[in-house]
Amino acid sequence: MPRSLVWLLSLGLFGVLAVLPLVAGDYWLHTAILCLFYVMMAASWNLLAGYTGQVSFSHAAFAGIGAYVSGMCAIYFHLPPLLGALVGMAVAAVLGLLLGVLCIRMGGIYLSLTTLAFSEMLRIVIDNEYEITRGTMGLSVPFVLPFYSKAWAFYLMGAVTLGLLYVIHRIIRSDLGTAFRAVQNDETAAASLGIHVVKIRVAAFVISSTMAGLAGALYGHYHQLITPEILSLNLMFLVLAMTIIGGLGTFAGPVVGAVFLEVLSEYIRIYGEFHVLIFGLVALFISRFAPEGLVGLWRKRFPTLDAQR
Amino acid sequence: MAFLDVQHVTKRFGGLTAVADVSFQMEQGEIVGLIGPNGAGKTTLFNLIAGTFPFDEGRIVFDGEPLNGLKPYHVCRRGIARTFQITRPFLEMTCYENVVVGFIGRDGFTGETPERRRRAEEILKLVGLDEFLHTQARHLNLINKKKLEIARALATRPKLILLDEVLGGLNTGEMVQALDLIRAIRDRFGVTVLWIEHVMGALMQVVERLLVLDGGRLICQGDPQTVVRDPRVIEAYLGEADD
Ligand SMILES: Nc1ncnc2c1ncn2[C@@H]1O[C@H](COP(=O)(O)OP(=O)(O)OP(=O)(O)O)[C@@H](O)[C@H]1O
Ligand SMILES: [Mg+2]
């Protein structure tokens with residue numbers, strides 16, 4: 001895209017974000033905050049799956065780790081939520097490193113399976129450690145800010161989301177991002193050129209998991225109730241569908257996909273909780289026939305805007 | 001001590017001995033050809049030097065240090081680069097980015113610098129891909145993919161480059177260019193070259209020495225003119241023609 005258009009779009013986006021709390025009712029403000037959470041989740045999962053080709057199923061689990069650690073820091077150590085979120089992020093990073101070092105060497109489908117097993121195990125532990133986690137009842141935690149305001153929660157989450165997107169954008173454009181894509185394209189060739197493939201893959205896994213931890217922590221403190229639901233495969237598949245439908249391996253894809261599907265689910269929620277299943281099927285269809293998702297379709301429609309890519 | 005010293009190296013795949021007790025040496029600055037019939041073990045020998053496979057017996061010493069047990073990325077950082085017989089460019093990346101991966105592998109995350117840009121452009125120009133700087137590798141034809149592999153190998157600043165069949169499918173004009181390129185790799189970059197090739201006529205114009213593998217064994221080595229007249233070599237190739 002031409003520079004000027006990027007600036008215009010960013011400016012428009014900022015404008016919308018700034019006035020949204022002033023014009024939107026409580027319900028749509030809540031939806032907008034959920035959108036921000038999903039944008040963070042999908043964009044960080046995309047960094048891993050879309051740029052290094054590692055399909056991990058533990059992304060929701062790391063959001064859960066961030067949420068629970070941060071929540072427990074607030075309850076048991078009276079840490080302010082924003083400080084707790086940092087601790088949650090750090091724990092997600094360390095666990096991401098451990099899990100990454102353990103299972104990334106296996107690669108491919110084995111990574112998917114082990115991360116799936118990890119997240120289910122963690123969910124069961126949280127379900128059962130009632131004394132500490134309050135199990136399925138959920139953990140009541142303080143609001144993300146010292147005072148209750150949905151509008152300010154929105155501004156906070158919006159700022160963090162923009163920051164996160166900025167970091168992801170920088171990573172993609174950096175040497176690290178180039179190494180990510182080299183490993184995704186052909187790891188044998190990358191290794192022959194001096195790239196330490198396992199290190200690169202673990203790095204992507206840790207960065208992505210850390211970001212999920214942050215998103216989860218903020219989400220938990222916004223809801224003021226953290227349940228094992230956040231670690232569920234339901235959330236995982238929703239994030240996966242958002243990324244794929246929006247455009248796997250494109251910067252804008254997960255953003256578009258997250259907002260689109262979250263708003264859409266608000267409209268179709270009345271038909272029951274089957275929507276994730278439907279999204280999953282659509283995602284499957286898209287990954288087969290339009291691997292770059294909605295963003296890819298847009299690029300095909302307006303190729304001139306994208307001449308510089 | 002020799003620059004590359006391969007000592008009694010053996011590699012088995014199950015019951016098949018793909019490389020059998022191979023020993024040879026190379027001096028710095030040499031261009032050496034590696035020939036042999038299909039399935040002789042040439043590519044496997046490259047894979048052993050490059051660290052793709054561990055070997056069962058023997059020792060490889062490069063530039064004074066053993067390579068045994070090193071992983072490919074490590075061998076590359078020691079100064080050995082390679083191309084692949086079946087090309088493996090990074091298809092979804094531009095030619096420029098392909099070359100940058102070589103810089104990153106060798107020098108780490110330095111970020112984009114004017115110096116790196118200049119060197120990338122210089123290398124791509126040398127191999128004749130300057131007009132495809134920002135073309136994705138998947139749009140290149142086979143010949144250009146091979147050139148791209150040489151370019152990104154050069155980006156790792158190798159002391160030794162392993163070329164695995166780079167001439168197949170070239171017409172006469174392209175062949176002349178390719179031979180000039182391989183000479184330039186040695187003369188301008190001071191890179192030692194070990195080169196597998198089936199196109200004998202062209203190979204003979206450039207190499208200073210030939211190694212001949214057959215059935216995993218090094219059956220003959222030496223001056224190209226002498227080697228191609230050696231009865232064992234003729235036998236090996238005739239055997240292939242009979243199949
Ligand atoms: N990864 C592998 N696993 C099992 N067998 C292998 C493997 N790689 C090579 N081989 C076998 O080892 C032998 C030598 O193969 P290699 O590819 O080294 O031959 P080559 O001399 O390069 O032949 P060509 O001229 O056809 O490229 C062949 O019989 C091949 O089938
Ligand atoms: Mg071969």
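Guide: A polar contact here is a pair of N or O atoms within 3.5 Å; within protein, one must be able to donate a hydrogen and the other to accept it, and residues adjacent in sequence count only if both atoms are side-chain atoms. Keep in mind that this is a predicted model, where local features need pLDDT of at least 70 and side-chain atom pairs count only at pLDDT 80 or more, while totals for chains, interfaces and linings use all residues. Side-chain values use heavy atoms, leaving out hydrogens and water.

Visitor: What makes A40(B) a polar contact of ligand 1?

Guide: One of its backbone N or O atoms sits 3.2 Å from an oxygen atom of ligand 1; the cut-off is 3.5 Å, so the pair counts.

Visitor: Which side chains do likewise, and at what distance from an oxygen atom of ligand 1?

Guide: K42(B) has a polar side-chain atom at 2.8 Å, and T44(B) has a side-chain N or O atom at 2.5 Å. Both values fall within 3.5 Å, so these are polar contacts too.

Visitor: Why is D175(A) with R116(B) called a salt bridge?

Guide: The term asks for a side-chain nitrogen of Lys or Arg within 4 Å of a carboxyl oxygen of Asp or Glu. Here the closest N and O atoms are 2.8 Å apart, so the pair qualifies. Between chain B and chain A the count is 3 salt bridges.

Visitor: How do you know how much area is buried between chain B and chain A?

Guide: Buried area is the accessible area (1.4 Å probe) that two parts lose on being put together, summed over both. For chain B and chain A that comes to about 1800 Å², with carbon and sulfur atoms giving 64%.

Key. Residues numbered from 1 in each chain as written. Chains lettered and ligands numbered in written order.
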